[in-house]
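Could you walk me through this model in the viewer, one selection at a time? I would like to know what to pick next and what I will find there.

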Amino acid sequence: MSIEPSTSTDPKTDLANHSTPTQQQPIQPTDSLHIQLSFTEGAFYKVSLCPSRDGLPLFDTSTGQPSPGSEVDPSDEMGLAYNVYLNADRIFGCKSCKTHLATHDAIISRNFRGQHGKAYLFASVVNIQQAEATERNMTTGRHVVRDISCRQCKETVGWKYDKAYEASEKYKEGKYILEAELLSAVY
């Protein structure tokens, strides 16, 4: 099954007019490249490169899932990963390669300790890779955590809290710890 060329110039109309596929197709060499820039207040956020067919993106660049009506197999790999560059007065980066990781404004607490000493709890971080989740007994109780490493140089920089078993520790869920010894100030 293939998508027929559209006579419409409106991608939303095109998308609505395509029927739900009965057979999925892999990305074709004739597919073009859709580029999307996403911005947030105070930060250059993301550049997404996405194959497109007949002017319609084959993937939703915010989720990485196939666009409705795109006939793409979700198991197909796509795109390149680009680093996020933060725009703030104070930015924390990887000590090894200076890749941006978080802004000073994202700090929730400075009252944490890691393997290497002082650590900070952040609401959000960027340019990381997450390891598999594991259960660990920590000073404040049992948690499900995953190590996080710099996407650029692969150095471990901290961990992410997936689950806290103690009610008083639930505020940590979905938050990140970056160890001060593994960070550098980036300007």
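Which residue in β6 is the bridge partner of Phe 92? Select Phe 92 and look across to β6: the partner is Ala 102. Keep in mind throughout that this is a predicted model.

**The three-stranded sheet**

Now widen the selection to both strands. β5 and β6 run antiparallel and are joined by three bridges. Add β14 and you have an open sheet of three strands, in the order β6-β5-β14, with antiparallel pairing. β6 and β14 (183–186) are the edge strands, each pairing on one side only. From one strand to the next, the twist averages 40°.

**Ile 91**

Stay in strand β5 and pick Ile 91. Its relative accessibility is 6%, so Ile 91 counts as buried. Show what surrounds it: beyond neighbours within four places in sequence, Ile 91 is in contact with Leu 86, His 100, Ala 102, Thr 103, Ser 184, Ala 185 and Val 186. If you like to check distances, try Asp 105, which is 14 residues from Ile 91 in sequence, with 8.9 Å between the C-alpha atoms.

**The cores**

Next, select Leu 101, Phe 122, Val 125, Ile 148 and Leu 178, the residues with the most contacts inside the largest nonpolar core, which has 16 residues. At least two residues of this core come from each of β5 (91–94), β6 (100–103), β8 (117–122), β11 (141–150) and β13 (176–179). Another core, of seven residues, lies apart from it; Ala 119, Leu 121, Val 145 and Trp 159 are among its members.

**Salt bridges**

Finally, turn on the charged side chains: the whole structure has six salt bridges. Begin with Lys 95 and Glu 181, whose closest N and O atoms are 3.2 Å apart. Lys 95 sits in the loop between β5 and β6, and Glu 181 in the loop between β13 and β14, so this pair ties together parts that are 86 residues apart in sequence. Lys 95 is partly exposed at 43% relative accessible area, and Glu 181 is partly exposed at 44%.

Move on to Arg 146 and Asp 162, where the salt bridge spans 2.7 Å, N to O. Here the link is between strand β11 and strand β12 (residues 156–164), so it ties together parts 16 residues apart in sequence. Asp 162 is partly exposed, at 26%.

For a last stop, select Glu 173 and Lys 170, a salt bridge with its closest N and O atoms 3.3 Å apart. Glu 173 is partly exposed at 28%, and Lys 170 is partly exposed at 38%.

Key. Residues numbered from 1 in each chain as written. Predicted model: local features only at pLDDT ≥ 70, side-chain atom pairs only at ≥ 80, totals over all residues. Heavy atoms only, no water. Core = buried A, V, L, I, M, F, W, Y, C linked by side-chain atoms within 4.5 Å. Buried < 20%, exposed > 50% of the residue type's maximum accessible area, 1.4 Å probe, protein only. Helix = DSSP H or I, 4+ residues; strand = E, 2+ residues; numbered from the N terminus. Contact = heavy atoms within 4.5 Å. Pairing = 2+ DSSP bridges. Axes fitted to C-alpha atoms, helices over the stretch in contact; angles between N-to-C directions. Salt bridge = Lys/Arg side-chain N within 4 Å of Asp/Glu carboxyl O.
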